[in-house]
Amino acid sequence: MAAAAALWRLSGPAARPLAAACSSAAGGAPLTLRRQSGGVRNIILNNPGRRNALSLSMLQALKEDLLHDVKSKELRVIVISAEGPVFCSGHDLKELSTQDDVKHHTQVFEVCAEVMTLIQRLPVPVIAKVNGLATAAGCQLVASCDIAVASEKSRFATPGVNIGLFCSTPAVALGRSLPRKVALEMLFTGEPLSAHEALMHGLVSKVVPEDKLEEETMRISHKICESSKSVLALGKATFYRQMAQDLDTAYKITSQVMVDNLTLRDGQEGIEAFIQKRKPVWSHAQDEKK
């Protein structure tokens, strides 16, 4: 069970809660809104006047919302959405001008990388609900989520090359979500993908009419909530871990995790419920069955 326990835990910078940061948009509204009900946490990017740009303050607020009480059994899935016609326009270019020093620029990209990698380290699935334009680091955010549901009007682009700032950090997530030649065409030209092109190439999971976006996102969320949190946490962590390995190593890792999964209380509960033809009663605990 050591492997299972290790995969459950968050480690490094991602595990530390943020101190309170400046988190107000123009007019005093919070940069993000966090709501939770029925196991589903909705995090809403809430600065449409700035096209929901990932300023340092926005990134810090998003990180805090992602980490808030993340180990609670009441949290089962996270949905990231946005107010306004733009899901996220990427970094706030005003923060990247020569008015700010290199130290500040470094901090922006370091915190951004922490948020993107944190999403995949969280013990719950993270869904991007996209209804509009996602560009540069906004496109990176979509690519970093475990699942992405988009409306038909959504578009995705990495246009940094057109303003002299190549989207090198978004390329990390894009290159792991899209075929290489598709990712490079986006990066070299800055031209957008339509929602259906994004679906065809694997950047998003589903495309639906705008009036069905909420319904479909919640359908997926509620389906996830029917499963054991501990089993999903183990499975998610293992998926990303094995993807970085060669085939033989990946099978070695996952074979051991399957054994570890069987020792989980919910692993045994699920099998017993199947045999007894009843619904499982999940504990959502990461401990072994006694």
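Begin by selecting β4, β6, β8 and β9 in this predicted model: the 4 strands form an open sheet, in the order β4-β6-β8-β9, and their pairing is mixed. Colour the two ends of that order, β4 and β9 (193-194), and you will see that they stand at the edges, each with a single partner strand, so that one side of each is left without a neighbour in the sheet.

Next, restrict the selection to β6 (residues 133-135) and β8 (residues 155-157), which run parallel and are joined by 3 bridges. Within this pair, label Ala134 and Phe156, since Phe156 in β8 is the bridge partner of Ala134. Now add helix α4 (residues 137-144), which packs on the sheet and touches β4, β6 and β8; viewed against β6, the direction of α4 makes about 100° with that of the strand.

From there, move to β1 (residues 32-37) and β2 (residues 40-45), two antiparallel strands that are joined by 6 bridges. Together β1 and β2 form a hairpin with 2 residues between them, and beside this turn Ser37 stands opposite Val40 in β2. Select Gly38 in the turn and check its backbone torsion, where phi is positive, at about 60°.

Finish with Lys94, which is found in the loop between β4 (86-88) and α3 (102-121). Is Lys94 buried or exposed? With a surface displayed, Lys94 proves to be exposed, because its relative accessible area of 60% lies above the cut-off of over 50% used for that class. Then draw a distance from the C-alpha atom of Lys94 to that of Ser55: the two residues are 39 residues apart along the chain, and these atoms are separated by 8.9 Å.

Notes. Residues are numbered from 1 along each chain as its sequence is written. This is a predicted model: local features need pLDDT of at least 70, side-chain atom pairs count only at pLDDT 80 or more; totals for chains, interfaces and linings use all residues. Side-chain values use heavy atoms; hydrogens and water are left out. Buried means under 20% relative accessible area, exposed over 50%, partly exposed in between (1.4 Å probe, protein chains only). Two strands pair if DSSP finds at least two bridges between them. Contact means heavy atoms within 4.5 Å. Axes are lines fitted to C-alpha atoms, for helices over the stretch in contact, and angles run from 0 to 180 degrees between N-to-C directions.
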